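Welcome! Please take a look at the sequence and the structure below, and then try the exercises at your own pace.

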Amino acid sequence: MEKELQYFLDTMDYRISYADNITIKDFLKLMKVRFQEEGVHFFEKLLDFIRLEQQILKVRLFVLVNIKGYLNLEQLHFLYQQSCYDKFQLLLIESCMDEQKRIGGEHVLIIDNDSCVIC
């Protein structure tokens, strides 16, 4: 592929350079790779996104904002199980405390309007 690119650039009347250290991330962006969202629910998309980020970009911490408003208790349990099995960390930032969706083992910090931390 590099030979073809160099041949193309040699036929140009302009001096052009290019990066020869393209990563898989750069290639995927260039090709506009996207998930097909037909018939896929939010929770499935979330899990697919997390798996993809883990495998390709080696992301180990996922920050999710107000996710408890979108997932039911069963889905939250499954997400926590996946984080243990696949060895990634979750940081959930919630705007309100829902005791019904609190799962054992969660470390909770409450930050009030004055930026005081309540453990």
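Here are four exercises on this predicted model, each with a worked solution.

**Exercise 1. Find the salt bridges**

Task: State how many salt bridges a search of the whole structure finds, and which side chains meet in the one that involves Asp48.

Solution:
- Step 1. Start with the count: the search of the whole structure turns up 2 salt bridges.
- Step 2. Go to Asp48, whose side chain meets that of Arg51 in a salt bridge, with 3.7 Å from N to O.
- Step 3. Place the pair: both residues belong to helix α3 (residues 42-57), where they are 3 residues apart, so about one helical turn separates them.
- Step 4. Check the surroundings. Asp48 has a relative accessible area of 30%, and Arg51 has 31%. Buried means under 20% and exposed means over 50%, so Asp48 counts as partly exposed, and Arg51 counts as partly exposed too.

**Exercise 2. A pair from two loops**

Task: Find the partner of Lys68 in a salt bridge, and decide whether Lys68 is buried or exposed.

Solution:
- Step 1. The partner is Glu106, and the closest N and O atoms of this pair are 2.8 Å apart.
- Step 2. Lys68 sits in the loop between β1 (61-65) and α4, while Glu106 sits in the loop between β2 and β3, so the salt bridge ties together parts that are 38 residues apart in sequence.
- Step 3. Lys68 is buried, and Glu106 is buried as well.

**Exercise 3. A glycine in the loop**

Task: Locate Gly69 and work out whether Gly69 is buried or exposed.

Solution:
- Step 1. Look in the loop between β1 and α4, which holds Gly69.
- Step 2. The relative accessible area of Gly69 is 65%. The cut-off for exposed is over 50%, so Gly69 is exposed.
- Step 3. For a distance across the chain, take Phe42: its C-alpha atom is 12 Å from that of Gly69, and the two residues are 27 residues apart along the chain.

**Exercise 4. Describe the largest pocket**

Task: Give the volume of the largest pocket and say which element gives the most to its lining.

Solution:
- Step 1. The volume of the largest pocket is about 810 Å³.
- Step 2. Its lining is made of 21 residues, and those nearest the centre are Leu92, Ile93, His107, Val108 and Leu109.
- Step 3. Two or more lining residues come from each of α4 (73-86), β2 (89-93) and β3 (110-111). β2 gives the most, with 5 residues.
- Step 4. Sorted by class, the lining has 12 nonpolar, 5 polar and 4 charged residues.

Definitions and conventions
Residues numbered from 1 in each chain as written. Predicted model: local features only at pLDDT ≥ 70, side-chain atom pairs only at ≥ 80, totals over all residues. Heavy atoms only, no water. 1 Å grid on protein atoms, 1.4 Å probe; cavity = no way out; pocket = protein on both sides within 12 Å on 5 of 7 lines; lining within 4 Å. Points joined across faces, edges and corners; volume = space filled by probe spheres on them. Helix = DSSP H or I, 4+ residues; strand = E, 2+ residues; numbered from the N terminus. Nonpolar A, V, L, I, M, F, W, Y, C, P; charged D, E, K, R; others polar. Salt bridge = Lys/Arg side-chain N within 4 Å of Asp/Glu carboxyl O. Buried < 20%, exposed > 50% of the residue type's maximum accessible area, 1.4 Å probe, protein only.
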